Amino acid sequence: MEENNQIEQSVSELEVERAHVAEQQRTRGSKRTNGRHGHALASILGPAFVAAVAYVDPGNVAANITSGARYGYLLVWVLVLANAMSVLIQYQSAKLGIVTGKSLPELLGERLSDAGRFMFFMQAEVIAIATDLAEVIGGAIALNLLFGLPLFVGGLVIGAISTVLLWFQGGRTHRLFEKIVIALLLVITFGFIFGLFIAPPNPADVLGGLIPHFTTTDSVLMATSMLGATVMPHAIYLHSTLVNDHYGPGEKKPSVRQLLHGSKIDVAWALLLAGSVNVVLLIIAANSLHGMEGTDSIEGAQHAIVSVLGPVVGTIFSIGLLASSLSSTSVGTYAGSEIMHGLLRIKAPMWACRVVTLVPALIVLWFAPNPTQALVVGQVILSIGIPFAIIPLMRYTHDRELMGEYVDGTAKHVVFIAVAALIVALNVLLIALTLLGKA
């Protein structure tokens, strides 16, 4: 009897020990799962920051500084509205790429006729050229300000360095390309925000700029130019590619639901950063350069910044402009390559895509008396190209056959329609003003 009790006690102790071990294993498993989840979320971040570079290119610098110098805080609301729209648009592009596994240009290429694909590609190529125009000119101006290089020589240097950066794009080095671009984005942020701490603006004046209104037809043109510099067509096309290129061949991806959740965080943080830089550029110009002569050009703005805020701020501003040019021209060429691949089904060498968009920019640098003015006009061209990217994106994300359970709901689709309608209306107004000679 006593022996049986001892056996039962031993069995009971063994069961308790097993239960304890099982509990420890469950705890360790839970920690591993949470770790994997955190790692999975961290591994998703990156594509939106690369796309966000398009929102802080030299075109933004020209448009925002010109706006602040001419109109003070009048158009702050335009930047805030444009950035809010860009958050929605970039997330929708990422969502399309994640759910379908294809880019927006690829989906367009599958659904358009041969003639339609070619015509769509031609307008996209014009947009790509206008994009690179801003980026190369901005970099050439930065090199001129920093080292005294002639603008044409500076454009050649920007073209050469950006081509080297593009060697890291694709395959196993794509993550390195992302890290380089994100590092340049941080340099841009510091370079352009630094001046804000030297001469803080009046908060009441900034808040006054959040009230939507215009004063002249020229301010409408400037608002449209700012919109073109903020919501970038090539960034819309590219983001749907970036979310898939983010993972190398054979690399396991998180689930679609995890990818969408991570992409929301990625887009929110990236465009909050880019939007802040844009608003700060306008505020610095409104606070320090408003009413000053010669600030309609980047060179004039930089000299004005030096005279008002000092040479250190001016140099940091030029470094930010240079980083903006190098990163955005690389991302722009990457986008052009993907647009060609998706629409024409041609995988052209990256250097060929680089040459196609670089040559027009070099021609402008050689002949244009005021490169900054050409840069602002380029932003207007970009604004006209925005609907060609947004409208197909709006249709595809509301296509249940294409998106399945992740299709946009009615409320979201209505908001997207309102955003597209607003952008198209501004573009129609711009064209009308131009034809009437008032823009």
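The legends below accompany an overview and several close-up views of a predicted model.

**Figure 1. Overview of the predicted chain, in which 18 helices and zero strands are found.** Of the 439 residues that make up the chain, 54% count as buried. The chain exposes about 19,100 Å², and carbon and sulfur atoms supply 67% of that area. Among the contacts in the chain with a separation of 6 or more, 85% are accounted for by residues 24 or more positions apart. The views that follow take up helix pairs and single residues of this model.

**Figure 2. Close-up of the packing of helix α4 (residues 76-100) with helix α11 (residues 233-245).** The two helices pack at an angle of about 45 degrees, and their axes are 7 Å apart; α4 and α11 are therefore oblique to each other. In passing α11, helix α4 makes a right-handed crossing. On the α4 side the contact is formed by I89, Q90, S93, A94, G97 and I98, which meet A235, I236, H239, S240, V243 and N244 in α11. Sorted by class, the residues of this contact between α4 and α11 comprise six nonpolar, six polar and no charged.

**Figure 3. Close-up of the crossing of helix α3 (residues 58-71) and helix α12.** The axes of α3 and α12 come within 7 Å of each other and cross at roughly 35 degrees, and the crossing is right-handed. From α3, the residues N60, V61, N64, I65, S67, G68 and A69 take part, and they meet N278, L281, L282, A285, A286 and L289 in α12. The contact of α3 with α12 has eight nonpolar and five polar residues, and no charged ones.

**Figure 4. Close-up of two residues of helix α12 (residues 256-289), H261 and S288.** H261 has a relative accessible area of 42% and is therefore partly exposed, since that class lies between the limits of 20% and 50%. Although 217 residues separate H261 from I44 in sequence, the C-alpha atoms of H261 and I44 are 9.2 Å apart in space. S288, by contrast, is buried, because its relative accessible area of 12% is under the 20% limit. When neighbours within four places in sequence are left aside, S288 is in contact with A199, V308 and L309.

**Figure 5. Close-up of Q123 in helix α6 (residues 114-147).** With a relative accessible area of 16%, Q123 falls under the 20% limit and so counts as buried. Residues up to four places away in sequence not being counted, Q123 touches Y237 and F388.

**Figure 6. Close-up of the pairing of helix α8 (residues 174-198) with helix α14.** The axes of α8 and α14 come within 8 Å and cross at roughly 150 degrees, which makes α8 roughly antiparallel to α14, because angles over 145 degrees are placed in that class. The crossing of α8 and α14 is left-handed. In the contact of α8 with α14, the residues divide into 18 nonpolar and seven polar, with no charged residue among them.

**Figure 7. Close-up of G314, a residue placed in helix α14.** G314 has a relative accessible area of 0% and is therefore buried. Leaving aside the neighbours within four places in sequence, G314 is in contact with Q302, I305 and V306. A301 is 13 residues from G314 in sequence, and the C-alpha atoms of G314 and A301 are 9.3 Å apart in space.

**Figure 8. Close-up of R345 in the loop between α14 (311-344) and α15 (350-367).** The phi angle of R345 is near 60 degrees, a positive value in a residue other than glycine. R345 has a relative accessibility of 52% and so counts as exposed, since the limit for that class is over 50%.

Definitions and conventions:
Residues numbered from 1 in each chain as written. Predicted model: local features only at pLDDT ≥ 70, side-chain atom pairs only at ≥ 80, totals over all residues. Heavy atoms only, no water. Helix = DSSP H or I, 4+ residues; strand = E, 2+ residues; numbered from the N terminus. Buried < 20%, exposed > 50% of the residue type's maximum accessible area, 1.4 Å probe, protein only. Axes fitted to C-alpha atoms, helices over the stretch in contact; angles between N-to-C directions. Parallel < 35°, antiparallel > 145°, perpendicular 65-115°, else oblique. Left-handed = near helix turned anticlockwise from the far one by under 90°. Contact = heavy atoms within 4.5 Å. Nonpolar A, V, L, I, M, F, W, Y, C, P; charged D, E, K, R; others polar. Areas by Shrake-Rupley, 256 points an atom, 1.4 Å probe, with all protein chains shown as cover.
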